[in-house]
Amino acid sequence: MLSRDRAYFLLLNIGHFLDHYFLLIFATAAALALTEEWQISYAALIPYATPGFVAFGLGALPAGWLADRWSRDGMMVVFFWGIGLASIGTGFALSPIQIGLGLFVIGLFAAIYHPVGLAIVTTRWRKSGMKIAVNGVWGNLGVGCATLVTGILISHISWRAAFILPGALSCLIGFVYVKVARHAPTVEFDRDAKSVGKYNLPPKAFWRMTAAVFVIAILGGIVFQATTFALPKIFDERLTEMAAALSQMTGSEVASIIGLLTFVVFAAASMAQLLIGFLLDRGGQQQALLGVALVQMSFFLLMQGQSGMLAYGAALGFMLGVFGQIPINDYLIGAMAAGRYRARVFGLRYLVSFSALAFTLPMIAVIHETRGFDALFLVLAALAGLVGAISLLLPKSLAPAN
């Protein structure tokens with residue numbers, strides 16, 4: 001039987017899973033169902049997801065402020081119930097405008113998780129590198145399962161069920177969270193710290209590192225959003241023959257096959273975070289960040305013109321780098337920010353990085369419509385290279401001051 005502490009951490013991980021899951025239901029539904037049902041092109045559908053991601057970014061800071069001033073656990077309950085009900089409502093949309101409104105509300109509640117959940121993780125457990133990595137794996141599995149489960153539900157029920165059923169599950173989990181959080185351990189090792197946590201660095205170097213971390217968060221957020229949102233469509237175009245052959249062999253619908261192939265890449269790539277978590281707890285932030293940036297850049301360039309198994313292997317390669325980068329920024333910001341202000345600092349981090357996503361989806365739509373995905377891979381390779389260059393501004397090894 002799980003201890004209270006482990007049950008509490010498990011529910012926080014499930015929250016991260018659902019956060020990313022709900023944000024990407026539409027990506028698969030648009031690529032595999034709505035283009036046919038509503039007779040609208042993929043490029044024309046993408047902009048309806050943009051308001052949701054804008055809300056996802058803009059809502060992070062007020063969510064963090066409310067969590068610090070009111071209750072972090074209370075905000076997590078609002079997250080589970082709010083995003084669940086919003087998803088159920090979105091499942092009844094009758095037009096692109098209605099589904100865009102539903103996605104906006106989903107984005108508002110999705111904005112709660114990162115500043116609040118990560119503040120809990122980094123405040124409640126002192127050695128947080130591996131905790132953040134495990135939490136990140138759950139988030140990335142949510143990305144992968146969104147494509148897998150949505151594809152299956154589209155094939156066997158409808159795209160509406162892909163929104164409604166997970167929404168009902170989230171509401172149920174909210175009730176479980178209320179019970180577990182009420183009796184969870186209350187130890188928070190630095191909740192009462194009044195100043196911004198600092199590394200053993202001169203002030204000028206500290207603020208330079210802070211600026212570098214926020215810029216890297218913006219660039220990494222754009223790459224993450226572009227790859228996770230577009231990958232089902234990339235596979236729909238680049239793995240046509242493979243998906244058709246597997247469909248014939250298994251008797252499954254092509255939508256389910258595309259969802260499964262995408263899930264396997266996301267699930268396998270998420271394991272990179274465990275290695276990153278190991279390095280973070282040992283002070284290897286710069287080396288880890290430079291390494292994942294080089295991996296991303298190399299495989300984005302390799303993806304040019306590829307299809308079939310080569311495209312699948314290249315996609316796995318760049319997703320290893322993309323997912324591997326996620327815990328690095330969260331670890332650095334969690335260590336720099338004092339406990340009582342941590343949710344607000346995480347909120348600022350996600351406000352900055354996710355607000356940059358406002359133009360990511362339109363960018364995908366324009367590039368896909370005019371130049372195709374090869375041009376998108378070149379843009380992403382350039383952004384990854386810039387992250388690698390900026391990582392050199394970080395000290396080679398960091399340990400928080402005691």
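In the predicted model, residues Met363, Ile364, Ile367 and His368 of helix H17 are in contact with Phe373, Ala375, Leu376 and Val379 of helix H18. Seven of the residues in this contact of H17 with H18 are nonpolar and one is polar, while none is charged. Helix H17 spans residues 360–370 and helix H18 spans residues 373–391. Their axes come within 7 Å and cross at roughly 135°; with angles over 145 degrees counted as roughly antiparallel and 65 to 115 as roughly perpendicular, H17 and H18 are therefore oblique to each other.

The second largest pocket encloses about 170 Å³ of space. Its lining is formed by Ala31, Leu32, Ala33, Thr35, Glu36, Glu37, Ile154, Lys233, Asp236 and Val254. Two or more of these lining residues are given by each of helix H1 (4–37) and helix H10 (203–238). The largest share, six residues, comes from H1. In character, the lining of the second largest pocket divides into five nonpolar residues, four charged residues and one polar residue.

Confidence in the prediction was also examined. The protein chain has an average pLDDT of 80, and 83% of the residues score at least 70. Among the elements of the chain, the highest mean pLDDT, 93, belongs to helix H5 (residues 72–90), whereas the lowest, 66, belongs to helix H16 (residues 342–355). Over residues 189–198 pLDDT stays under 50; for this segment the model has 35 contacts beyond four places in sequence.

Definitions and conventions
Residues numbered from 1 in each chain as written. Predicted model: local features only at pLDDT ≥ 70, side-chain atom pairs only at ≥ 80, totals over all residues. Heavy atoms only, no water. Axes fitted to C-alpha atoms, helices over the stretch in contact; angles between N-to-C directions. Helix = DSSP H or I, 4+ residues; strand = E, 2+ residues; numbered from the N terminus. Parallel < 35°, antiparallel > 145°, perpendicular 65-115°, else oblique. Contact = heavy atoms within 4.5 Å. Nonpolar A, V, L, I, M, F, W, Y, C, P; charged D, E, K, R; others polar. pLDDT = per-residue confidence, 0-100. 1 Å grid on protein atoms, 1.4 Å probe; cavity = no way out; pocket = protein on both sides within 12 Å on 5 of 7 lines; lining within 4 Å. Points joined across faces, edges and corners; volume = space filled by probe spheres on them.
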